[in-house]
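Let's take a friendly walk through a protein and the ligand that comes with it. Have the sequence and the 3D view ready as you read.

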Amino acid sequence: MRLNDQQMAAFESDGYVFLPGLFDAEEVGALMGEVPGILSQQRQEVVREKNSAPRTAFAAHLWNEAFGLLARHPRLIGPAMQMLGGPVYMHQFKINAKVAFDGDVWQWHQDYGTWAEDDLMPEPKAMNLAVYLDDVTEFNGPLMLIPGSHRHGKIEAGHDTATTSYPLWTIDNATIDQLVARGGIVAPKGKAGSALFFSSLLVHGSAPNMSPWNRTAVYISANRVDNAIRRFKRPEWIAHRDFTPITPLDDDCLRTYARRKVRAA
Ligand code: SIN
Ligand code: MN
C-alpha cells in the first residue's frame with residue numbers, strides 16, 4: 001500500500017497521518033483474540049504498571065503468529081518505506097494495554113529522544129505505525145500529539161525513571177507549553193482497526209485511563225536500515241538488533257490467518 005499525496009503532505013507538515021478503518025473487524029478480531037493470552041504471560045517482555053496491571057508487551061511479533069503477520073503487513077510496512085524513503089527494519093514492537101481504570105500515564109516525549117540517548121540511533125529516520133485494537137475515545141486515554149512539533153528536531157529531555165514502571169526521556173512542562181501554544185494538541189479518535197502513523201520526532205503522550213474501557217494499541221517502530229542503532233545497552237527485546245529489511249507479506253495475510261483459526265476451532 002502507498003499513501004496518496006495528500007497523506008504524505010500531512011505527514012510532512014503535521015508529523016502524523018491518521019487512517020480510520022485501515023484494518024477490518026476480521027483482522028482486528030484475529031489480533032485481539034491473542035491479546036489476553038499475551039498480556040497474562042509472566043515473562044520479561046510483559047512490563048507491568050506499578051499497580052501490576054499489564055502496561056506493555058514487547059516483541060510479541062517474535063513469539064505470537066498473528067502479531068508476527070502484523071509486523072510484516074503491507075498496509076504498515078509499505079507506507080513506512082515510503083515515508084522514511086528506504087527499506088526498514090523493526091526497531092521496537094510493543095502492544096500497549098492501557099487497561100481500564102489501571103492504565104498509567106505516558107509522559108510527554110519524542111520517541112527519538114529515547115532512541116538517540118539510549119540506543120545511539122544516528123538520525124530520526126524512524127517512525128511509529130500504531131494500530132488501535134480497541135475503539136479509542138476521549139475517555140480511555142487517547143494518544144495526544146502536538147502537531148508540527150517534529151519540525152523542532154530533537155528536543156532536550158530528562159530521564160524519568162520514577163513516574164511510571166517504564167523509564168522514558170521526557171520533555172519539561174515549559175517546553176510543552178511553548179510547543180502547544182504553536183501547534184495545539186490533537187487526539188485522533190477512532191474505531192478499532194484505525195491506524196496512526198507518526199514521526200519519531202513528534203511530541204506525544206497520554207493520560208491515565210480512568211474509564212471502564214481498555215485502550216489496547218500496537219506500536220510498530222520502524223527504522224531505516226541505513227540508520228541502525230549503534231549502542232546495545234537496552235535489552236534486545238526492547239531495542240532490536242536484527243537489522244534485516246522487512247519484506248511485506250500479502251495484503252490478505254491476517255484474513256487468511258483468521259479463517260484458518262476459525263476452521264481449526
Ligand atoms: C508511546 O508513546 O510509546 C505510547 C503511548 C501510549 O500508548 O499512550
Ligand atoms: Mn512514544
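This report looks at the ligand site and then at the aromatic rings, and the model is a predicted one.

## Where the ligand sits

Start by finding ligand 1, which sits in the second largest cavity. Around ligand 1 you will meet Lys94, Asn96, Trp106, His109, Leu143, His204, Ser206, Arg215 and Tyr219. This shell is a mix: three of its residues are nonpolar, four are polar and two are charged.

Which strands each supply at least two residues of the shell? They are strand E4 (88-96), strand E5 (106-109) and strand E11 (204-206).

## Polar contacts with the ligand

Now zoom in on the oxygen atoms of ligand 1. One of them is 2.6 Å from an N or O atom in the side chain of Ser206. For His204, a polar side-chain atom lies 3.0 Å from a ligand oxygen. In the side chain of His109, an N or O atom is 3.0 Å from an oxygen atom of ligand 1. As for cover, ligand 1 taken alone exposes 260 Å², and the protein buries 99% of that.

## Rings that pair up

The model has eight aromatic pairs. One of them joins Tyr89 and Phe243: their ring centres are 4.9 Å apart and their planes stand at 65°, so this pair counts as edge-to-face.

What does the pair tie together? Tyr89 belongs to strand E4, while Phe243 is in the loop between strand E12 (217-224) and helix H8 (253-264), so the pair links parts that are 154 residues apart in sequence. Strand E4 also supplies at least two residues of the shell around ligand 1.

Technical notes: Residues numbered from 1 in each chain as written. Chains lettered and ligands numbered in written order. Predicted model: local features only at pLDDT ≥ 70, side-chain atom pairs only at ≥ 80, totals over all residues. Heavy atoms only, no water. Near = heavy atom within 4 Å. Polar contact = N/O pair within 3.5 Å; in protein donor to acceptor, adjacent residues only side chain to side chain. Areas by Shrake-Rupley, 256 points an atom, 1.4 Å probe, with all protein chains shown as cover. 1 Å grid on protein atoms, 1.4 Å probe; cavity = no way out; pocket = protein on both sides within 12 Å on 5 of 7 lines; lining within 4 Å. Sits in = over half its atoms within 2 Å of the grid points. Helix = DSSP H or I, 4+ residues; strand = E, 2+ residues; numbered from the N terminus. Nonpolar A, V, L, I, M, F, W, Y, C, P; charged D, E, K, R; others polar. Phe/Tyr/Trp six-rings, centres within 6.5 Å; stacked < 30°, edge-to-face > 60°.
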